[in-house]
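The report that follows describes a single chain, going from its overall make-up to selected helices, strands and residues. The sequence and the model are shown first.

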Amino acid sequence: MRRWMNQLIQALIKLNIETKGGLNNAKYRCGLPETAIVKKPKTPRQVLLRIYGPLQEDLNDIVREVATFLLLAERKLGPKLYGVFPNGRLEEFIPSRTLLSKDYKVMYPAIAREMAKFHSLDVPVRKIPDLWTAVMKKYIFKNTICLINVLY
């Protein structure tokens, strides 16, 4: 990774502006100061910097996720993708909040419509949910190796 990216990540971590809600990734909201002058009107004023976590060690998983993310972004079914680097990506920041229990009754129909759009896409990716299976296999394998090392 480029030196400037490492410096940026370290500065963000020191500022402690990590967003909450990531299962595996560290996410940082990055923005331009209000006084910054932007020459190109389509330049985003805020972006989300996503640093992949330990569950995304497999390069095939990362490539598959970025490809899926890009396909969804192109079809306006997800945030825009601004850039990819070896252990993360830069994407559109969409202001949001965590849903409350009372929100779900209203949101279920909208979520179902969006999921139907996703599943009807003609894209070269698997649509079978296998994240937890893969995560558990890695977890069991790592813990088995740790146990073997302790026992022997």
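Accessible areas come from the Shrake-Rupley method with a 1.4 Å probe. On that basis the chain, which is a predicted model, exposes about 12,100 Å², and carbon and sulfur atoms supply 62% of this area. Buried residues account for 22% of the 152 residues in the chain. Of the contacts between residues at least 6 apart in sequence, 47% join residues that are at least 24 apart.

The secondary structure consists of four helices and five strands, and read along the sequence these elements follow the pattern α-β-β-β-α-β-β-α-α.

**The strands**

Strand β3, which covers residues 46-51, is mostly covered, since five of its six residues are buried. This strand has β2 (residues 26-31) as one partner, to which it is joined by six bridges in an antiparallel arrangement, and within this pair Lys27 stands opposite Arg50 in β3. Strand β3 is also joined to β5, again antiparallel, by five bridges, and here Leu48 stands opposite Glu91 in β5. In a regular strand the side chains alternate between the two faces of the sheet.

**Helix α2 and its surroundings**

Helix α2 comprises residues 59-74, that is 16 residues, and spans 22 Å from its first C-alpha to its last, which is close to the 22 Å expected at 1.5 Å a residue. Its buried residues are Ile62, Val66, Thr68, Phe69, Leu71, Leu72 and Ala73, and the buried residues of α2 pack against β4 (81-85), β5 (88-92) and α3 (101-120).

Val66, which is placed in helix α2, may be taken as one of these buried residues for a closer look. Which residues does Val66 touch, not counting those up to four places away in sequence? With that exclusion, Val66 touches Tyr52, Leu81, Val84 and Arg89. Val66 and Gly88 are 22 residues apart in sequence, and their C-alpha atoms lie 9.5 Å apart in space.

Just after α2, Lys76 takes a positive phi of about 60°, and it does so although it is not a glycine. Lys76 is placed in the loop between α2 and β4.

**Accessibility of three residues**

The table sets out three residues with their places and relative accessibilities.

| Residue | Place | Relative accessibility |
|---|---|---|
| Val66 | helix α2 | 14%, buried |
| Tyr108 | helix α3 | 53%, exposed |
| Lys76 | loop between α2 and β4 | 73%, exposed |

The classes follow from the cut-offs, because buried means under 20% relative accessible area and exposed means over 50%. Val66 therefore counts as buried at 14% relative accessibility, whereas Lys76, at 73%, counts as exposed. Tyr108, with a relative accessible area of 53%, is likewise exposed.

**A nonpolar surface patch**

Tyr108 lies in helix α3 and takes part in a nonpolar surface patch of about 560 Å², which is made by Tyr104, Val106, Met107, Tyr108, Ile111 and Met115. Helix α3 (101-120) is also among the elements against which the buried residues of α2 pack.

Note on methods
Residues are numbered from 1 along each chain as its sequence is written. This is a predicted model: local features need pLDDT of at least 70, side-chain atom pairs count only at pLDDT 80 or more; totals for chains, interfaces and linings use all residues. Side-chain values use heavy atoms; hydrogens and water are left out. Helices (H or I, at least four residues) and strands (E, at least two) are DSSP runs, numbered from the N terminus. Buried means under 20% relative accessible area, exposed over 50%, partly exposed in between (1.4 Å probe, protein chains only). Contact means heavy atoms within 4.5 Å. The expected span of a helix is 1.5 Å times one less than its number of residues. Patches are made of residues with over 30% relative accessible area and no salt bridge: like charges are joined within 9 Å, nonpolar side chains (Val, Leu, Ile, Met, Phe, Trp, Tyr) within 5 Å. A salt bridge is a side-chain nitrogen of Lys or Arg within 4 Å of a carboxyl oxygen of Asp or Glu. Two strands pair if DSSP finds at least two bridges between them.
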